[in-house]
Protein chains: 2
Amino acid sequence: MSNVRALPLLDRSEAPAAAVVPCCPPLSERPFTAEEAERTARMFKALGDPVRLRLFSAVASHEGGEACVCDISDVGVSQPTVSHHLKKLKEAGLLTSERRGTWVYYRVEPSVLAAMGQLLAVR
Amino acid sequence: MSNVRALPLLDRSEAPAAAVVPCCPPLSERPFTAEEAERTARMFKALGDPVRLRLFSAVASHEGGEACVCDISDVGVSQPTVSHHLKKLKEAGLLTSERRGTWVYYRVEPSVLAAMGQLLAVR
């Protein structure tokens, strides 16, 4: 029936993360080109801030592998700052987000993490 | 004989890298504390610059796993800038260095890389 409002559980209204899945072989395989370095440095830079790293860890370790701002506001910064950093992590492709009603839920993108781990593989 | 000058092959006159071997469990195991995040973010930040990432990759992939500034100056920045970035990577614990005669040779610290890879392990 058209007057039944669906629960917004699968509302994917948030834009998906940019396609930043690493392009690149392990860092020790051959020297990176400028373009490879540009793409890859974005992800490392996103984790290179202590507050972002705590937030990322809070999302990654949260029950069910996802969290909203309401779940992870205990890192000593304001909620707008939390939202700002979560957005940065999303822009770097490390988190995905999904709006459900009032809140946006963030989830770690496992394929990107795995690819970053591969970059660090030692020859 | 005291008048025989040893070749400076093992001259460890460069200060060793600070003890920055990651302290910490995978990012997805539990929320990082502020102190853990401070220590770990330094390493990610060091790789979060495209020029540093190219230099790191150049050292990591160079024959024998080590390189001097003279080997890796083709990343489009001046040699002093190369030296500056190599120093930053060393301060973050990602490279070690050893002086041999005129040149300082840089080498990737494999244990730190492996530990960083572990941080990114997906639960």
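Start your tour by selecting A:Lys45: leaving aside residues up to four places away in sequence, A:Lys45 touches A:Arg52, B:Phe44 and B:Gly48. Keep in mind as you go that this is a predicted model.

**Stop 1: around A:Lys45**

With A:Lys45 still selected, colour by secondary structure and you will find this lysine in helix 1 of chain A. Is A:Lys45 buried or exposed? Its relative accessible area is 54%, so A:Lys45 counts as exposed, the cut-off being over 50%. Now add A:Lys88 to the selection. A:Lys45 and A:Lys88 are 43 residues apart in sequence, and their C-alpha atoms are 9.9 Å apart in space.

**Stop 2: the ring pair between the chains**

Next, pick A:Phe44 together with B:Phe44. A search over all chains of the whole structure finds one aromatic pair. Its ring centres, those of A:Phe44 and B:Phe44, are 6.3 Å apart and the planes are at 25 degrees, so the pair is stacked. The pair crosses between chains: A:Phe44 belongs to helix 1 (residues 34-46) of chain A, and B:Phe44 to helix 1 (residues 34-46) of chain B. Switch on a surface here if you like; both A:Phe44 and B:Phe44 are buried.

**Stop 3: helix 1 against helix 4 in chain B**

Stay with B:Phe44 and show helix 4 (residues 110-119) of chain B, where you will also find B:Met116. Which residues meet here, between helix 1 and helix 4 of chain B? From helix 1 come B:Thr40, B:Met43 and B:Phe44, and from helix 4 come B:Val112, B:Met116 and B:Leu119. By class, this contact has five nonpolar residues, one polar and no charged ones.

Turn the view to look along one of the two axes. Helix 1 and helix 4 of chain B pack at about 105 degrees, with 12 Å between their axes. The two helices are therefore roughly perpendicular to each other, since angles of 65 to 115 degrees fall in that class.

Zoom in on B:Met116 before leaving. B:Met116 has a relative accessible area of 0%, so this residue is buried. For a longer view along the chain, select B:Glu29 as well: B:Met116 and B:Glu29 are 87 residues apart in sequence and 14 Å apart in space, C-alpha to C-alpha.

**Stop 4: helix 2 against helix 3 in chain B**

Now select residues 50-61 and 79-91 of chain B, which are helix 2 and helix 3. Their axes are 10 Å apart and the packing angle is about 80 degrees, so these helices, too, are roughly perpendicular to each other. On the helix 2 side, show B:Val51, B:Arg52, B:Leu55, B:Phe56 and B:Val59. They meet B:Val82, B:His85, B:Leu86, B:Lys88 and B:Leu89 of helix 3. The residues of this contact divide into seven nonpolar, one polar and two charged.

**Stop 5: an arginine over a tyrosine, in each chain**

Select A:Arg100 and A:Tyr105. A:Arg100 lies over the face of A:Tyr105, 4.6 Å from the ring centre. Then move to chain B, where the charged end of B:Arg100 sits over the ring of B:Tyr105, at 4.6 Å from its centre.

**Last stop: chain A as a whole**

Zoom out and show chain A by itself. How many helices and strands does chain A have? There are four helices and three strands, and along the sequence they follow the pattern α-α-β-α-β-β-α. Of the 123 residues in chain A, 44% are buried. Among contacts in chain A with a separation of 6 or more, 61% join residues 24 or more positions apart.

Methods
Residues are numbered from 1 along each chain as its sequence is written. Chains are lettered from A and ligands numbered from 1 in the order in which they are written. This is a predicted model: local features need pLDDT of at least 70, side-chain atom pairs count only at pLDDT 80 or more; totals for chains, interfaces and linings use all residues. Side-chain values use heavy atoms; hydrogens and water are left out. Rings of Phe, Tyr and Trp (its six-membered ring) pair if their centres lie within 6.5 Å; planes under 30 degrees apart count as stacked, over 60 as edge-to-face and the rest as tilted. Buried means under 20% relative accessible area, exposed over 50%, partly exposed in between (1.4 Å probe, protein chains only). A charge sits over a ring if NZ of Lys or CZ of Arg is within 6 Å of the ring centre and within 35 degrees of the ring normal. Axes are lines fitted to C-alpha atoms, for helices over the stretch in contact, and angles run from 0 to 180 degrees between N-to-C directions. Angles under 35 degrees count as roughly parallel, over 145 as roughly antiparallel, 65 to 115 as roughly perpendicular and the rest as oblique. Contact means heavy atoms within 4.5 Å. Ala, Val, Leu, Ile, Met, Phe, Trp, Tyr, Cys and Pro count as nonpolar, Asp, Glu, Lys and Arg as charged, and the others, Gly among them, as polar.
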